[in-house]
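This report covers the overall geometry of one protein chain and then turns to a single residue.

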Amino acid sequence: MKASKIAYKPVGLALGAVSGMLAGALFKQAWKILGHEEDAPDATDEERTWNEVLLAATLQGAIFAAVKAAVDRVGATTTRSLTGTWPG
């Protein structure tokens with residue numbers, strides 16, 4: 001395993017935590033706009049329809065995936081610009 005890959009591990013973990021918090025905040029705001037409610041439905045919420053639950057889950061998954069990819073990419077390109085090597 002390359003030294004740059006090992007050195008990047010803690011950075012990657014920190015970026016993962018940051019991306020999770022950012023994605024959670026973005027999803028909450030998106031749901032307020034789309035769902036006109038404060039909280040998204042849980043899968044076990046009996047009062048919510050299948051459509052609401054599946055829409056919320058799909059939106060949340062898409063936002064989390066996009067934010068994670070963007071944050072990981074920024075971390076990798078920044079690492080390369082600082083060290084001269086790609087961390088992956």
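In this predicted model, the protein chain carries 9 positive and 9 negative charges, and the mean position of the positive set lies 24 Å from that of the negative set.

The secondary structure of the protein chain consists of two helices, with zero strands. A compact globule of 88 residues would be expected to have a radius of gyration near 12 Å, whereas the protein chain has 17 Å. Along the principal axes, the C-alpha atoms occupy a box of roughly 55 × 25 × 15 Å.

Values for the whole protein chain are listed below.

| Quantity for the protein chain | Value |
|---|---|
| Buried residues, of 88 residues | 23% |
| Contacts between residues 24 or more positions apart, of contacts with a separation of 6 or more | 55% |
| Exposed area | about 6300 Å² |
| Share of the exposed area from carbon and sulfur atoms | 65% |

One residue can be placed within this picture. Ser19 belongs to helix H1, which spans residues 3–35. Is Ser19 buried or exposed? Its relative accessible area is 6%, and because buried means under 20%, Ser19 counts as buried.

Which residues are in contact with Ser19, leaving aside its neighbours within four places in sequence? They are Val67, Lys68 and Val71. Ser19 of helix H1 is therefore a buried residue at 6% relative accessible area, with contacts to Val67, Lys68 and Val71 beyond its sequence neighbours within four places.

Note on methods
Residues are numbered from 1 along each chain as its sequence is written. This is a predicted model: local features need pLDDT of at least 70, side-chain atom pairs count only at pLDDT 80 or more; totals for chains, interfaces and linings use all residues. Side-chain values use heavy atoms; hydrogens and water are left out. Helices (H or I, at least four residues) and strands (E, at least two) are DSSP runs, numbered from the N terminus. The radius of gyration is taken over C-alpha atoms; the globule rule is 2.2 Å times the number of residues to the power 0.38. Buried means under 20% relative accessible area, exposed over 50%, partly exposed in between (1.4 Å probe, protein chains only). Contact means heavy atoms within 4.5 Å. Accessible areas come from the Shrake-Rupley method with a 1.4 Å probe; for residues, only the protein chains shown count as cover. Lys and Arg count as positive and Asp and Glu as negative; His and the chain ends are not counted. The place of a charge is taken as NZ of Lys, CZ of Arg, CG of Asp or CD of Glu.
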